Amino acid sequence: MIRYDKEKYKYYIKDLGSGYGTFIKIINPLNIINNLLINIGDSFIVFSFDEGQNLTVKIFTGDQESETYEYSPNKKMIIIGRDKDSDIFIEDKLLSRKQCFVYFKEDKNDKRKSNWFISDGDINGKKSTNDTWMYSFKDTLIYDQMLFKNNHNLFKCNCN
């Protein structure tokens with residue numbers, strides 16, 4: 001669903017929960033919220049964490065269906081990809097060797113602002129081939145050049 005907010009003069013997008021889902025391309029590091037769903041290649045990842053900021057990563061894909069990994073904030077970086085040296089190896093021909101990475105950023109002044117983030121590509125700034133996508137479960141502001149996909153359809157927003 002795309003809706004226009006007359007008071008803010010802005011457009012928003014949100015998946016309605018029927019069909020294949022609406023996913024937004026991750027361009028900048030994304031703050032991981034509890035139960036965030038990510039799509040990479042033919043695989044899906046669900047992130048969740050407890051009050052101690054321990055991260056649970058659940059992978060849903062062909063042969064690795066429902067594999068679970070757990071990390072504490074002491075693990076500063078988690079590499080996800082089809083490279084066998086990745087922290088989370090996913091055998092998926094649509095993934096880059098270094099598809100994306102997850103990291104914990106600590107706010108020394110306010111522990112409540114410490115959180116996990118996900119970023120597309122490798123830690124050197126090289127982007128993945130087929131991108132990393134976030135499920136649009138809530139109203140998300142549409143911005144110029146934003147890419148989103150629904151099923152096998154890819155859309156680019158032009159906000160002039």
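## Strand S5 and its partners

In this predicted model, strand S5 is mostly covered, with 4 of its 5 residues buried. S5 pairs with S6 in the antiparallel sense, over 5 bridges. Within that pairing, Leu37 has Val46 of S6 as its bridge partner.

The S5 and S6 strands form a hairpin. Between them lie 2 residues. Gly41, in the turn, has a positive phi of about 55 degrees.

S5 also pairs with strand S13 (residues 133–135). This pairing is antiparallel too and spans 2 bridges. Here Asn39 has Trp133 of S13 as its bridge partner.

## The nonpolar core

The largest nonpolar core has 29 residues. Those with the most contacts inside it are Ile38, Ile45, Phe47, Val57, Ile80, Ile88 and Val102. Several strands each supply at least two residues of this core, among them S5 (36–40), S6 (43–49), S7 (55–60) and S8 (67–71). S9, S11 (100–105) and S12 (115–120) each do so as well. In soluble globular proteins, nonpolar side chains tend to be buried together.

Take Val57. Leaving aside neighbours within four places in sequence, Val57 is in contact with Ile45, Val46 and Phe47. Its other contacts on that basis are Glu67, Thr68, Tyr69, Tyr71 and Ile88.

## Ser86 in its loop

Ser86 sits in the loop between strand S9 (77–81) and strand S10 (88–89). Its relative accessible area is 9%, so Ser86 counts as buried, the cut-off being under 20%.

What does Ser86 touch, not counting residues up to four places away in sequence? The contacts are Ile79, Ile80, Gly81 and Arg97. Of these, Ile80 is listed among the core residues with the most contacts inside the core.

Conventions. Residues are numbered from 1 along each chain as its sequence is written. This is a predicted model: local features need pLDDT of at least 70, side-chain atom pairs count only at pLDDT 80 or more; totals for chains, interfaces and linings use all residues. Side-chain values use heavy atoms; hydrogens and water are left out. Buried means under 20% relative accessible area, exposed over 50%, partly exposed in between (1.4 Å probe, protein chains only). Contact means heavy atoms within 4.5 Å. A nonpolar core is a set of buried Ala, Val, Leu, Ile, Met, Phe, Trp, Tyr and Cys residues joined through side-chain atoms within 4.5 Å. Two strands pair if DSSP finds at least two bridges between them.
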